[in-house]
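Work through the exercises below with the sequence and the 3D view at hand. Try each task before you read its solution.

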Amino acid sequence: MVNQQFLPRPFEAHSTILDLYTQGGLISVLALMWIFGSAALSAWRAKLDALVALVASIAVFSAPHLVIRHPIVWFCLTLCLAAGTPEAIPAIVRQRRC
């Protein structure tokens, strides 16, 4: 009988936080929380309630599910982060508006 140290197939936890903690440690959990917090704060500052609700729903959904492999999660987080970045208006355009 061969002594196996690891499982014969890949193992994933069914929780995003637990899976990140077992695979990458505390630093990966903190990095994900920082990304989620930045996205939520960015959407909040942009006064886009739907995007704040989107980030909150992804955070709640990620508690019992592993969501970091879903592209829609990263698309939503990028959308929230981009929404909070105001576009600079050049001085020439500002003068024409007056």
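**Exercise 1. Find the contacts of Ala13 and place this residue in the chain.**

Step 1. Leave out the neighbours within four places in sequence; Ala13 is then in contact (heavy atoms within 4.5 Å) with Leu18, Asp19 and Leu66.

Step 2. Note the source. This is a predicted model, in which local features need pLDDT of at least 70 and side-chain atom pairs count only at pLDDT 80 or more, while totals for chains, interfaces and linings use all residues. Residues are numbered from 1 along each chain as its sequence is written, and side-chain values use heavy atoms, with hydrogens and water left out.

Step 3. Locate the residue. Ala13 sits in the segment before α1 (16-24). Helices here are DSSP runs of H or I with at least four residues, strands are runs of E with at least two, and both are numbered from the N terminus.

Step 4. Check its cover. Ala13 has 8% relative accessibility and counts as buried. Buried means under 20% relative accessible area, exposed over 50%, and partly exposed in between (1.4 Å probe, protein chains only).

Step 5. Look along the chain. Pro64 is 51 residues away from Ala13, yet their C-alpha atoms are separated by 9.3 Å.

**Exercise 2. Describe the chain as a whole.**

Step 1. Count the elements. The chain has 5 helices and 0 strands. From the N terminus, the order is α-α-α-α-α.

Step 2. Judge the burial. The chain has 98 residues, and 23% of them count as buried.

Step 3. Sort the contacts. Take those between residues at least 6 apart in sequence: 61% join residues at least 24 apart.

Step 4. Turn to the surface. The accessible surface is about 7,800 Å², and 68% of that belongs to carbon and sulfur atoms. Such areas come from the Shrake-Rupley method with a 1.4 Å probe; for residues, only the protein chains shown count as cover.

**Exercise 3. Which residues of α1 are buried, and which helix do they pack against?**

Step 1. Pick out the buried residues. In α1 they are Thr16, Asp19 and Leu20. They cover an arc of only 95° around the axis, which puts them on the same side of α1. The arc is taken from the directions from the helix axis to the C-beta atoms.

Step 2. Recall the helix rule. An α-helix has 3.6 residues a turn, so residues three or four places apart point the same way.

Step 3. Name the partner. The buried residues of α1 pack against α2.

Step 4. Turn the helix round. Tyr21 and Thr22 are exposed on the face turned away from the buried side of α1.

Step 5. Go past the end. Gly25 follows α1 and has a positive phi, near 85°.

**Exercise 4. Do the same for α3.**

Step 1. Check the span. α3 covers residues 49-61, 13 residues in total, and reaches 18 Å from its first C-alpha to its last. That is close to the expected 18 Å, which is 1.5 Å times one less than the number of residues.

Step 2. List the buried residues. They are Leu51, Val52, Val55 and Ile58. Their arc is within 125° seen down the axis of α3, so they line one face of the helix.

Step 3. Find the partners. These buried residues of α3 pack against α2 (26-45) and α4 (71-83).

Step 4. Look at the other side. Asp49, Ala50 and Val60 are exposed there.

**Exercise 5. How many disulfides are there?**

Step 1. Apply the rule. A disulfide is a pair of cysteine sulfur atoms within 2.5 Å.

Step 2. Test the pair. The closest cysteine sulfur to that of Cys76 is in Cys80, at 6.8 Å, too far for a bond. The count is 0 disulfides.

Step 3. Compare their cover. Cys76 is buried at 10% relative accessible area, and Cys80 is buried at 0%.

**Exercise 6. Trace the side-chain links of two serines.**

Step 1. Start with Ser42 in helix α2. Its relative accessible area is 13%, and Ser42 is buried. Its side chain reaches the backbone oxygen of Cys80 at 3.1 Å.

Step 2. Move to Ser62, in the loop between α3 and α4. Ser62 counts as buried at 8% relative accessibility. A polar atom of its side chain lies 2.9 Å from the backbone oxygen of Ala59.

Notes
A polar contact is a pair of N or O atoms within 3.5 Å; within protein, one must be able to donate a hydrogen and the other to accept it, and residues adjacent in sequence count only if both atoms are side-chain atoms.
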